[in-house]
Amino acid sequence: MEASTREVDERRRVAIHVGRHQVSPVFPWATAATLALIRHGRLPGWVPIEQWTGLWGERHFAVLRACP
């Protein structure tokens, strides 16, 4: 998963628009920093197995795996 580069933990409901025309149903969307992503993932049993940033540190990623 790609995580936010700033420390954030936000949830909202969004829809995709083309111009002013809505082209998707409303769906849940979350923006979370790596630490928030890992923290929320642990509650249902996911564990972090890898984290990295892009070449210039502008993009952050984390891999979570479900515990058996």
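In this predicted model, strands E6 and E7 form a hairpin in which six residues lie between the two strands. Gly57 sits in the turn and has a positive phi of about 75 degrees. The two arms of the hairpin pair in the antiparallel sense, and seven bridges connect E6 with E7. Within this ladder, Val47 stands opposite Arg65 of E7.

The hairpin belongs to an open sheet of three strands, ordered E1-E7-E6, with antiparallel pairing. Its edge strands are E1, residues 2–3, and E6, residues 46–53, each of which pairs on one side only. E7 covers residues 60–66 and is joined to E1 by two bridges, the two strands running antiparallel. On this side of the sheet, His60 in E7 is the bridge partner of Ala3.

The sheet is one part of a chain whose secondary structure comes to one helix and seven strands. In sequence order the elements follow the pattern β-β-β-β-β-α-β-β. The chain is more spread out than a compact globule, because its radius of gyration is 15 Å, well over the 11 Å that the globule rule gives for 68 residues. The C-alpha trace spans about 40 × 35 × 20 Å along its principal axes. Of the 68 residues, 24% count as buried. The accessible surface comes to about 5,400 Å², and carbon and sulfur atoms account for 59% of that area. As for contacts in the chain between residues at least 6 apart in sequence, 39% join residues at least 24 apart.

The helix of the chain, H1, comprises residues 34–42, and its buried residues are Thr34, Ala36, Leu37, Ile38 and Gly41. The cover over these buried residues includes E1, E2 (residues 9–14), E5, E6 and E7. The strands of the open sheet, E1, E7 and E6, are thus named again among the elements that cover the helix.

The largest nonpolar core has seven residues: Ala3, Ala32, Ala36, Leu37, Ile38, Ala62 and Leu64. H1 and E7 each supply at least two residues of this core. The largest share, three residues, comes from H1. Ala3, the bridge partner of His60, is also a member of this core.

Leu64, another core residue, shows how the helix and the hairpin come into contact. Leaving aside residues up to four places away in sequence, Leu64 touches Leu37, Ile38 and Gly41, together with Trp46, Val47 and Pro48. Leu37, Ile38 and Gly41 are among the buried residues of H1, while Val47 is the residue that stands opposite Arg65 in the ladder.

A further local feature is found at Ser24, in the loop between strand E4 (21–22) and strand E5 (27–32). Why is Ser24 classed as buried or exposed? The cut-off for burial is a relative accessible area under 20%. Ser24 has a relative accessible area of 15%, and is therefore buried. A polar atom of the Ser24 side chain lies 2.8 Å from the backbone nitrogen of Ile16. Apart from residues up to four places away in sequence, Ser24 touches Ala15 and Ile16. Ile16 therefore appears both in the polar pair and in the contacts of Ser24.

Key: Residues are numbered from 1 along each chain as its sequence is written. This is a predicted model: local features need pLDDT of at least 70, side-chain atom pairs count only at pLDDT 80 or more; totals for chains, interfaces and linings use all residues. Side-chain values use heavy atoms; hydrogens and water are left out. Helices (H or I, at least four residues) and strands (E, at least two) are DSSP runs, numbered from the N terminus. Buried means under 20% relative accessible area, exposed over 50%, partly exposed in between (1.4 Å probe, protein chains only). A polar contact is a pair of N or O atoms within 3.5 Å; within protein, one must be able to donate a hydrogen and the other to accept it, and residues adjacent in sequence count only if both atoms are side-chain atoms. Contact means heavy atoms within 4.5 Å. Two strands pair if DSSP finds at least two bridges between them. The radius of gyration is taken over C-alpha atoms; the globule rule is 2.2 Å times the number of residues to the power 0.38. Accessible areas come from the Shrake-Rupley method with a 1.4 Å probe; for residues, only the protein chains shown count as cover. A nonpolar core is a set of buried Ala, Val, Leu, Ile, Met, Phe, Trp, Tyr and Cys residues joined through side-chain atoms within 4.5 Å.
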